[in-house]
Amino acid sequence: MPRDIPVGNGDVLVTFDYLYRVRDVYYPNVGRFNHTDGHVQRFGVWADGKFAWIEDPSWHRELRYEKDTLVTNVKLINHELGLELTCHDCVDFHEPVYFRRVMVKDLTGRRRDVRLFYHWDMSIRGSPLGDTANYDPATSSLVLYKDDIYFLFNACDQNKCGIDNWAIGTKRLGGAEGTWRDAEDGQLGRNAISQGSVDATIGFNLDIEPNGESYVSSWLACGRSYDQVRDLNRRVNEKGPDRHISRTQAYWRLWCRKEPIDLSPVPEKVRDLFFRSQLVLRTQIDNGGAIIAANDSDITQFGGDHYSYCWPRDGALVAYALSLCGQSELSRHFFRFCGDAIEDSGYFLHKYTPTGELASSWHPWMIEGQKILPVQQDETALVLWALRKHFAAFRDVEFVKPLYNLLVVRPADWMLKYRDANGLPQQSWDLWEERRGIHTFTVSATIGALNAASQFAQDFGDEDRAAIYREAADRMRTALKKHLWNPEQKRFARMAIPLPNGTYRLDMTSDSANYALFAFGALDAGDEMVEQEMKGLWSRLWVKTDVGGCARYERDYYHQVERDHTDAVPGNPWVICTLWQAQYLIERARTLEELEQALPLLEWAEKRAEKSGVLAEQFNPYSGDAISVSPLTWSHATFVIAVMEYLRKFEKLTATSLKRIGAQIQASQGKGDAEALREGIVSAG
């Protein structure tokens, strides 16, 4: 189920489902811990004896954000209740406090008694065991806590601050559903305290004039002690919750538009999603540097685990997107995180928690009694490659200096050692984490990393290393063409499996990941081999339904919809795979007309986004509905990358055209100025 409007600040992340129910609350790290354990946090309205929870079919919902901010703009209309609600949610840009402002408008033309109810079904640190909920009369608030995690709930309306009504009780024990049931008659029991598997419901009373409006601004303060949340509550009361919301709105508009990027060459909807994608990316990045793949807890129902981890590969590509759009501090935090997490031998393991510990994994350390290294080599390679992209953008020598040995020399030296007799990387797991072998994607990423290491070594005066890394990259490129290219089929293999006689068995399954051939500089986009490969991928992997888009690979089984795979539906369409084709068209474009061929793919991605701008991992090939986690950080990063690469290529091609015009004008000396200019423009195309 998509998380349509995530809000956060790098310490706190709050996600909502499409029914506008809070589903996940992460603190003190993005991705750790989920204090709801994915359970629904209900929101209900009582008016003149009638009650409706927000999931009731009687509600019409529009879940959006305020433009270019991480403040929501949610419209809720219920004609049976005769009410319209406008909700603004945000996490303060600086403090660990989640705010919700609800404006309630009467639609009936009569005076109204309206009561709002917020149900909090917390499982602190991911478990309800040992939780406590109590009403604090000193702050007129409700506090839930366990160990060193505290949450304080409070609110203000036009007249006063403090909670009007509350209920504290047990949930999922002895048949107890929870205190949310108490709200349905419009009254709450005001129990003072409960411990164990507890929940709480908070009520606010509003007296609304005919056709009038009234509001409640509530907040959830997060802290590591009782004193911290009380102090936060005091500061919110002093400044007022509405000022916190307005300052957060201003901050995010400043943040996402701080760079003077000219977006005029792309359509308006693509521009809007470009800014929205940057903001969604920010919600998934922990202030400690971890870039989290996704924080949609519904995925646990599919595989018994979640995406709330930092994969070095995903993080590296997100860091590249951040570097392209000028968000240098976030990319620096990521590389420092990687410097702390990398193994002493110079490689990364599968994935890491938001605080840098080794996370859950399905990569074995032994196969058929033989010890192996449980790595995806592309993860190590792409961190080095992305670090070079960051350095090329910002030239921050002092930042890179302490990382040179950690993230350049050690990984590059390890990649040199982890090669076979032909100069190719030894076997590792692929980027999809499904099969072990020598993958075209991994080989291409490693070539890009070794070239990056050579450039770094050259910059640091390390001439011998620069030559060794460059030579290894060249040899690997030659081996790539020799051993993974199938001359009969005129395309690259997905992977090669080493055989005892020193040759390889090729897996010729078409895989979108082979875009890596040009993306990381292994081969030129204009290389005939690359052209053949990308044309073949387009032909075999484009989903030939009204939805369109590119599948990951032929007969993709992950969340598969089409059980009997056909040429029409090789798999579910993915945002990243579709945009990889756009990146190819952008890279190979030699004219503005060729460049424009990429625009329909950018527009395809924009059309797949929810109304809020959130992009999922993949989509149903027939209905277009989101499948798997949403938002996927990688999807938004790839959109940002594709747009920025488009804009840079547009600028380059435009400059080239202007030079041609100037040259033509100079060659037309002696003619009238107007005639010379006209001929120059026609000649330049």
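**Cores, cavities and a small sheet in a predicted model**

Me: How do the residues lining the second largest cavity divide into nonpolar, polar and charged?
Reply: This is a predicted model. The second largest cavity has a volume of about 50 Å³. Its lining is formed by D430, L431, W432, R435, H439, T440, F441, R494, D511, A513 and N514. By class, these divide into four nonpolar, three polar and four charged.

Me: Which residue classes line the largest cavity, and how many of each?
Reply: About 90 Å³ of space lies in the largest cavity. Y98, F99, R100, Y118, W120, F153, N154, I202, F204, S218, W219 and L220 line that space. The count by class is nine nonpolar, two polar and one charged.

Me: Which strands each supply at least two residues of the lining of the largest cavity?
Reply: The lining includes Y98, F99 and R100, and β10 spans 97-106. It also includes Y118 and W120, with β11 spanning 112-120. The full set of strands that each supply at least two residues is β10, β11, β14 (149-157), β17 (198-208) and β18 (213-223).

Me: How many cavities of 30 Å³ or more does the structure hold?
Reply: The largest has about 90 Å³ of space, and the second largest has a volume of about 50 Å³. Counting cavities of 30 Å³ or more, the structure holds five.

Me: Which helix gives the largest share of the largest nonpolar core?
Reply: The largest nonpolar core has 201 residues, and those with the most contacts inside it are Y20, F43, L85, L116, W120, F335 and W432. Eleven residues of this core come from a helix covering residues 633-667. That helix, which gives the largest share, is α17.

Me: How many residues are in the other core, which lies apart from the largest one?
Reply: In soluble globular proteins, nonpolar side chains tend to be buried together. Here, V71, V143, C156 and V236 are among the members of another core, apart from the largest. The number of residues in that core is 14.

Me: Which residues does W120 touch, leaving out those up to four places away in sequence?
Reply: W120 is one of the residues with the most contacts inside the largest nonpolar core, and W120 also lines the largest cavity. With residues up to four places away left out, W120 touches V22, V25, Q41, Y98, F153, D199, A200, I202 and L220.

Me: Which are the edge strands of the open sheet of four strands?
Reply: The sheet has the order β1-β2-β3-β4, with antiparallel pairing. Two bridges join β3 (residues 22-29) to β4, and N29 stands opposite R32 in β4. The strands that pair on one side only are β1 (7-8) and β4 (32-34).

Terms used:
Residues are numbered from 1 along each chain as its sequence is written. This is a predicted model: local features need pLDDT of at least 70, side-chain atom pairs count only at pLDDT 80 or more; totals for chains, interfaces and linings use all residues. Side-chain values use heavy atoms; hydrogens and water are left out. A nonpolar core is a set of buried Ala, Val, Leu, Ile, Met, Phe, Trp, Tyr and Cys residues joined through side-chain atoms within 4.5 Å. Buried means under 20% relative accessible area, exposed over 50%, partly exposed in between (1.4 Å probe, protein chains only). Contact means heavy atoms within 4.5 Å. Two strands pair if DSSP finds at least two bridges between them. On a 1 Å grid over the protein atoms alone, a cavity is a set of points where a 1.4 Å probe fits but cannot get out, and a pocket is an open set with protein on both sides within 12 Å along at least five of seven lines; lining residues have an atom within 4 Å of a point. Grid points are joined across faces, edges and corners, and a volume is the space filled by probe spheres set on the points. Ala, Val, Leu, Ile, Met, Phe, Trp, Tyr, Cys and Pro count as nonpolar, Asp, Glu, Lys and Arg as charged, and the others, Gly among them, as polar.
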